[in-house]
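Thanks for asking me to look this one over. Here are my notes, in the order I would go through them with you at the bench.

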Amino acid sequence: MKIFFCIFAIILVCFMATSCQKKQEEQPQTNSAIVIGYSQIGDESAWRTYLTSSIKKAATENGIQLIFENAEQKQENQLKAIRSFIAYQVDLIAFSPIVETGWDNVLEEAKTAGIPVILVDRQIEVKDNSLYECYIGSDFETEGLKAANFLLEKLKNTTDDVAIVELRGTDNSTPAIGRSKGFRNGLKNHSNFNIIHSENADFMRSKGAEAMKEILKKYDKVDVLYSHNDPMTLGAIDAMKEMGFKPGEDIIIITIDGEQAAIDRLEAGEINCVIECSPNLGQTIVKTAKQYLLGESISRNIYTEEEVFTEWDLSSEILPRGY
Ligand code: AHR
């Protein structure tokens, strides 16, 4: 009887060991095995710092090892970071390209190393589109169009000339390109709406303030400020106040991002329209990376859903922004 019991126990142990080993072999790559290298542009806005924390949070929650590099607004630092991810042999590279061009060589190196690449928040222009798997972020042209639509609605009864100033984001960056294009397309059939001045203020508050000060000195009449992000807008508002203008009344202000600080100004009547651009991309990035690494199909473009907040909305309906 004892012998029978021993034999049975040995068979049971062997069976459990092989079935366990089989399970491990069948199991696709697990979270803990995934290493993602992410190159961030910098921290020029609350929007961007929120994007950073959203990615870090999603990685932690999903047991992913994240190697994070901050490029401090320099493309050369992003190139260095991507090369370091390749040397480390990460499973996947994600990055937010500061500008659209100049990525061909480094992404060819990633491709040769067999490392897939996901674009986050901004897009690129490369000769070979197979150098990246997908784009996750906003549709910037639509944001520009929404800005134009608000303005047309706000001034629907105006036949006078409307003098518009545009503060642009970093030249050759996807949001600056798309937001300019969408806005102009939206206004193209309205010849009394004129962009009298357009200037690059690099998505930065200090540059927005400097630019606006000079613009207000130069032009007798500015009816509208269309600004590509909240920090530049907040800087421009400082300049307007300093020079005796009432933002939101003397000058109509349309801004993009939707930081809490901009929503607060909307509620205070100093901004007329805020176009949302969502930085809450972390979960989508991690989910898409996992799907790709498990061999599942993913969409080429994954756009976030975004709202428009205007002076006509009930402020009580706008939820706290978190950034
Ligand atoms: O690429 C998105 C833009 O970059 C945001 O509008 C801006 O605030 C950020 O710096």
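The points below cover the cores, the helix pairs and a few loop residues.

1. **Ground rules.** This is a predicted model, in which local features need pLDDT of at least 70 and side-chain atom pairs count only at pLDDT 80 or more, while totals for chains, interfaces and linings use all residues. Residues are numbered from 1 along each chain as its sequence is written, and side-chain values use heavy atoms, with hydrogens and water left out.

2. **The main core.** A good place to begin is the largest nonpolar core, which has 63 residues. Such a core is a set of buried Ala, Val, Leu, Ile, Met, Phe, Trp, Tyr and Cys residues joined through side-chain atoms within 4.5 Å; buried means under 20% relative accessible area, exposed over 50%, and partly exposed in between, with a 1.4 Å probe and protein chains only. Ile93, Trp103, Leu151, Ile164 and Ile254 have the most contacts inside it. Helix α5 (residues 140-154) provides the largest share, six residues. In soluble globular proteins, nonpolar side chains tend to be buried together.

3. **Ile93 and the other core.** Which residues does Ile93 touch, not counting those up to four places away in sequence? Its partners are Gly37, Ile82, Phe85, Ile86, Ala110, Ile115, Pro116, Val117 and Ile118, where contact means heavy atoms within 4.5 Å. Apart from the largest core lies another, of 24 residues, among them Ala201, Ile215, Ala262 and Ile271.

4. **α5 with α6.** Helices (H or I, at least four residues) and strands (E, at least two) are DSSP runs, numbered from the N terminus. The axes of α5 and α6 are 6 Å apart, and the two helices pack at an angle of about 40°. Axes here are lines fitted to C-alpha atoms, for helices over the stretch in contact, and angles run from 0 to 180 degrees between N-to-C directions. The α5 side includes Phe140, Leu145, Leu151 and Leu152, and the α6 side includes Thr174, Pro175, Phe183 and Leu187. By class, this contact of α5 with α6 has nine nonpolar, six polar and four charged residues. For those classes, Ala, Val, Leu, Ile, Met, Phe, Trp, Tyr, Cys and Pro count as nonpolar, Asp, Glu, Lys and Arg as charged, and the others, Gly among them, as polar.

5. **α2 with α10.** Helix α2 (residues 46-61) packs against helix α10 (residues 282-293) at about 45°, with the axes 7 Å apart. The two are therefore oblique to each other; angles under 35 degrees count as roughly parallel, over 145 as roughly antiparallel, 65 to 115 as roughly perpendicular and the rest as oblique. Ser54, Ile55, Ala58, Ala59 and Glu61 of α2 make the contact with Gly282, Gln283, Ile285 and Val286 of α10. These residues divide into five nonpolar, three polar and one charged.

6. **α3 with α4.** How do α3 and helix α4 (residues 104-112) cross, and within what distance do their axes come? They cross at roughly 10°, and the axes come within 10 Å, which makes α3 roughly parallel to α4. Leu79, Ile82, Arg83 and Ile86 in α3 meet Asn105, Val106, Glu109 and Ala110 in α4.

7. **Buried loop residues.** Is Ser173, in the loop between β6 (162-168) and α6 (174-187), buried or exposed? Ser173 counts as buried, at 0% relative accessibility, and its contacts beyond four places in sequence are Ile98, Val99, Glu100, Arg122 and Phe203. Gly42, in the loop between β1 (35-40) and α2, is buried too, at 3%, and touches Arg48, Asn70, Glu72 and Gln73. Val126 sits between β4 (117-120) and β5 (134-137) and is buried at 13%. The C-alpha atoms of Val126 and Asp104 are 5.7 Å apart, although the two are 22 residues apart in sequence.

8. **Two backbone angles to look at.** Most residues other than glycine have a negative phi. Gln89, in the loop between α3 (75-88) and β3 (92-95), has a positive phi near 60° and is exposed, with a relative accessible area of 65%. Asp202 has a positive phi near 55° and lies in the loop between β7 (193-200) and α7 (205-218).
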